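The following paragraphs lead the reader through a structure chain by chain, and then through the contacts between chains. Please keep the sequence and the 3D view at hand while reading.

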Amino acid sequence: MRITKMTGAVAVLMASTTMAQAQGVEVLHWWTSGGEAAALNVLKGDLEAQGIGWTDMPVAGGGGSDAMTVLRARVTAGDPPTAVQMLGFAIQDWAAEGALADLNDLAAEQSWDDVVPEALQAFSKYDGSWVSAPVNVHSTNWVWANSAIMAELELEQPSSWDEFVAAMEAAQAAGYVALAHGGQAWQDATVFDSIAMGVGGPEFYQAAFVELDADALGGEQMVEAFERMATLRGFVDDNFSGRDWNLASAMVANGEALFQIMGDWAKGEFVNAGQTAGEEFQCFRVPGSEGTVTFNSDQFAMFNVTDETAMASQLTMASAVMSPEFQVAFNTVKGSVPARTDISDAEFDACGQLGMAQLAEAASSGGLFGSMAHGHANPPAVQNAMYDVITAHFNGEYDAETAAAEMVTAVELAQ
Amino acid sequence: MAIATQDNAASVGRIGRTFVYLVLLLFALFYLIPFAIMLINSVKPLGEITGGNMIALPQDWTIAPWLSAWSTAQIGVEPTGLKPYFWNSIRMVVPAVVICTIIGALNGYILTKWRFRGDTIVFGLMLFSCFIPFQIVLIPMARVLGILGISGTSAGLVLVHVVYGIGFATLYYRNYYAAFPTELVRAAQIDGAGFFQIFYRILLPSSGPITVVCVIWLFTNIWNDFLFGASFASGDAAPMTVALNNLVNSSTGVREYNVHFAGAILAALPTLLVYIVAGRFFVRGLMAGSVKG
Amino acid sequence: MNRANSVDIRTRLQEFLPKLVLAPSFALVLLFVYGFILFTIYLSFTDSRMLPSYGWEGWENYSKLFRIREWDTAITNLAIFASLYIVICTVIGLMLAIFLDQKIRGEGLLRPIFLYPMALSFIVTGTAWKWFLDPGIGIENTMHLWGWESFEFGWIKDRDMAIYTIVIAAVWQSSGFVMAMFLAGLRGIDNEILKAAQMDGATNFQLYRRIIIPLLRPAFLSAFVILSHLAIKSYDLVIALTGGGPGNATAVPATFMYSYTFTRNQMGIGAASAVIMLMTIAAIMVPYLYAELREKK
């Protein structure tokens, strides 16, 4: 509480320095690669057409963690940006500090409640108030496959864990790398996320990763999930450790490897290599996790601004972010799908259309879950504690049973 | 007899010399490898890099990555390349280095020629301050800059760099001036010269070498800093390293390694230049003082 | 009378002036270094998570810290890394300096080659190193292509060996700088002393062991201070090269502290780890500095 007041007081104190930005918005983000930035430029152009200036504040690195560090410095200095690209629990944490603006009027006017899936609203709303505008939904439980290798080995898209393993065995026997993977904690966790969903289904996922129930965390299904990870470990090449995810994607695109388990941003790498979804490469859900979608969602969290013009600019920006035109323009480039479920899929490619259909389906059937690996299931402390265990197990430090037991301890320590 | 023809008294025989050259060349190779990798890959089309062979020479030579990194690469929403950020860095580095060097020189002068009770403790405290991990100062520093009203400005960033450069600057000058004959200072004092006069007339003229060392050290450290630059001057005032990081570390986008390497070399050019041009004076400067602890 | 008075004021001013000039920068250091250290110590006893908060928690953060496995790894790694790094840099630096001091042709070319790594930031050099050390695409692969099939160098992928690859890259970065310091020291030694010793029949080895190396003592101090400062702050290097992996095998206190303070929103634990780190540095540096600074009086 004290912090909240303090931040507020400082904000008032600093109001004079933020005057300069009154005519525009200052946006902190980490979308700096060519395609992402081009997509964001659509938003910038849109705002500038309405007479609102854009002060760009890009800070890349560490999947946004550097940007979050910078944000803390800015808020502590009493000078927060207007809008900040943010993921999952961070939004809730900042809202709890009282640092975020209230977008309820705009949300009501444009009926965001009806078009944004509830699982996303859980992050965009704090205490019933809209505090951020969701831009996209990345779903993380995809398998990316090389079509040529699948044809050569006469493989069908596997629909069960056993078929998946059989396909990888065939690839390995034929001299291919069965699973392209980069050994970085977040990538290990991304794979684990989908595997755990495949083993235990939505109920287990909810209990273990969201409710952090000790029985689920240390239970049989968790052990089974770790065992499957150990199986996967047998299908990666010797050289996986530390590899960037995009180099792993390149292995699939080059015909060196059969599969990669990665979120939908991987598609950009294939498209960039001149390939088309459904032709040179294909995508399907991680076997066992069909019907569910684990996601992460980039949002623009709106920070408290005191000046009225600044507030107006901020609302205009929020409204522009939620506009169908921007959602289409941005997501076709980014590989993700729009945060609104009421948008036509005409502009999207095969994998994009599949993703949109499955998102809508999962949202209505209760199969839409925030991804643990991407900070949408539990707070960062817990998430990273899980990373520690998953990556230690994948690197051979624990066996499956010890890993499940460690999971319980690590989560307890992190809370 | 051999001694007479050698300036250096300690020398080795013919076989020894061959060995010496061999070792020196091997080390030169070791030092050059990463730079060579960067250079080779910066003139290669991206396809050849992701195609797998990262150490081989390019089949198609291209300078496109360099042009892209300098003027068209995506740093933020605008494809500006590194160009505008280059000047931001210069604007930040120059005042910070100048101020910090002046403070360091004065401190060194005082701590050696105007000694007082507890001066060693003062110096010890300044020296130990070199060891503070910068991560812990981030939040309180942001608060202080906010209170001073200079958060997010170049002035704020200059202040931060000056504060954390004082330790090393003082160390260099103190060690240098310690070797400077105190008698000259005393004599000038007796002649009625004041505190600043002695500094300007007697110490400063012979401070060239150590100033080179101090400037090189500060310049390199401040130019290469990322954490403070990102936290206290992002946006339009962002220094080169922040821009380079944006270029290199995009999380879920396509990675253009050739452009990254070209950008990295561009970002390092000023410091490389400083080392190559001033390198000769650097050793001379170190020689003249800082190693005489 | 009047004149005497003004002289008196002037002398007193002269006495006072040095302290007056020193005071502002000393005050800055006190506030921005020691003030912030006190603040961090205070934070380490609080329940701070995302931002500083002031609920007192006592030793809770410390007891948690020592139950976290990664912290053990980080401490062990720093001990391995710092000692190897300092020793190897010193040895290589001294060796190169002695060799370069033998009237070498092309010294002007070699010196900047040895020195330049210090000028580069690890944000990207790290990638070059990562590729070079990567068995699949780097040196191992190249050796295989050149026909040396049995060549193996997979340290960076090996949990037990990865920390040594960080030592290699770190040595690459700063050993040239250490070389410069020793070279300067060597050039500063009076040749007359050496000639006299040689006249007395001292061998080269004895010359270096008995006379030159002891004379370089101040250079050793400077090298030690600079190297230990770099070792403790190594952050970019680890992040760029291994990201702390494989697993958490190459975590060091600096990455640990950053991760807990800024990524995991456990600022209290992050602060506690910073305090332990500072205490360790103080325990090593203070006696050393004390001895070195005192001796001169």
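Chain B contains 14 helices and zero strands. Read from one end of the sequence to the other, chain B therefore shows the pattern α-α-α-α-α-α-α-α-α-α-α-α-α-α, where helices and strands are runs assigned by DSSP. The model under discussion is a predicted one. Of the 293 residues in chain B, 55% are buried. If one takes the contacts in chain B between residues at least 6 apart in sequence, 74% of them join residues that are at least 24 apart.

The UniProt record helps to read these helices. In an unreviewed entry, UniProt lists the feature "transmembrane region" for residues 19-40, 92-110, 122-141, 147-173, 194-219 and 259-283 of chain B. Two of these stretches may serve as examples. Over residues 19-40 of chain B, the model is 100% helix and 0% strand, and the C-alpha atoms at the two ends are 30 Å apart. Residues 92-110 of chain B are likewise 100% helix and 0% strand, with end C-alpha atoms 27 Å apart.

Chain B can also be viewed in terms of domains. It is divided into domain 1, residues 2-66, and domain 2, residues 83-290. A distance of 30 Å separates the C-alpha centres of domain 1 of chain B and domain 2 of chain B. Where these domains meet, nine residues of domain 1 of chain B are in contact with eight residues of domain 2 of chain B. On the side of domain 1 of chain B that touches domain 2 of chain B, the elements giving two or more residues are helix H2 (14-42), helix H3 (46-50) and helix H4 (64-72) of chain B. H2(B) gives the most to this side, with four residues. Sorted by class, this side of domain 1 of chain B has six nonpolar, two polar and one charged residues.

Chain A is likewise described by two domains, but here each domain is written as two segments of sequence. Domain 1 of chain A covers 2-137 + 296-357, and domain 2 of chain A covers 142-294 + 359-414. Their C-alpha centres lie 29 Å apart. The contact between them takes 21 residues from domain 1 of chain A and 21 residues from domain 2 of chain A. Helix H5 (88-96), helix H8 (118-124) and helix H18 (350-365) of chain A are the elements that give two or more residues to the side of domain 1 of chain A that touches domain 2 of chain A. The largest share of that side, six residues, comes from H18(A). By class, the side of domain 1 of chain A that touches domain 2 of chain A has twelve nonpolar, eight polar and one charged residues.

Chain A also offers a sheet to examine. Four strands form an open sheet in the order E9-E10-E8-E11 (chain A), and the pairing is mixed. Which strands are at the edges of this sheet? They are strand E9 (177-179) and strand E11 (281-285) of chain A, each of which pairs on one side only. From one strand to the next, the twist averages 25 degrees. One of the pairings joins strand E8 (residues 142-146) of chain A to E11(A), in the antiparallel sense and over five bridges. Within this part of the sheet, Trp142(A) stands opposite Arg285(A) in E11(A).

Chain C again invites comparison with the UniProt record. In an unreviewed entry, UniProt places the feature "transmembrane region" at residues 20-45, 78-101, 113-133, 161-186, 207-232 and 267-291 of chain C. Over residues 161-186 of chain C, the model is 96% helix and 0% strand, and the end C-alpha atoms are 35 Å apart. Residues 267-291 of chain C are 100% helix and 0% strand, with 36 Å between the end C-alpha atoms.

The last step is to see how chain C meets the other chains. The contact between chain C and chain B takes 82 residues from chain C and 75 residues from chain B. Helix H1 (residues 2-43) of chain C supplies the largest share of the side of chain C that touches chain B, 16 residues. By class, that side has 56 nonpolar, 18 polar and eight charged residues. The contact between chain C and chain A takes 27 residues from chain C and 25 residues from chain A. Here helix H12 (residues 253-263) of chain C gives the most to the side of chain C that touches chain A, with three residues. This side of chain C has eight nonpolar, eleven polar and eight charged residues.

How values were computed:
Residues are numbered from 1 along each chain as its sequence is written. Chains are lettered from A and ligands numbered from 1 in the order in which they are written. This is a predicted model: local features need pLDDT of at least 70, side-chain atom pairs count only at pLDDT 80 or more; totals for chains, interfaces and linings use all residues. Two residues are in contact if their C-beta atoms, placed from the backbone, lie within 7 Å. Ala, Val, Leu, Ile, Met, Phe, Trp, Tyr, Cys and Pro count as nonpolar, Asp, Glu, Lys and Arg as charged, and the others, Gly among them, as polar. Two strands pair if DSSP finds at least two bridges between them. Axes are lines fitted to C-alpha atoms, for helices over the stretch in contact, and angles run from 0 to 180 degrees between N-to-C directions. Domain bounds come from an automatic or database domain assignment. UniProt positions are given in the numbering used here, feature names are shortened, and annotations may be inferred rather than shown by experiment. A residue is buried if 20 or more other C-beta atoms lie within 10 Å of its own, exposed if 12 or fewer, and partly exposed in between; C-beta atoms are placed from the backbone.
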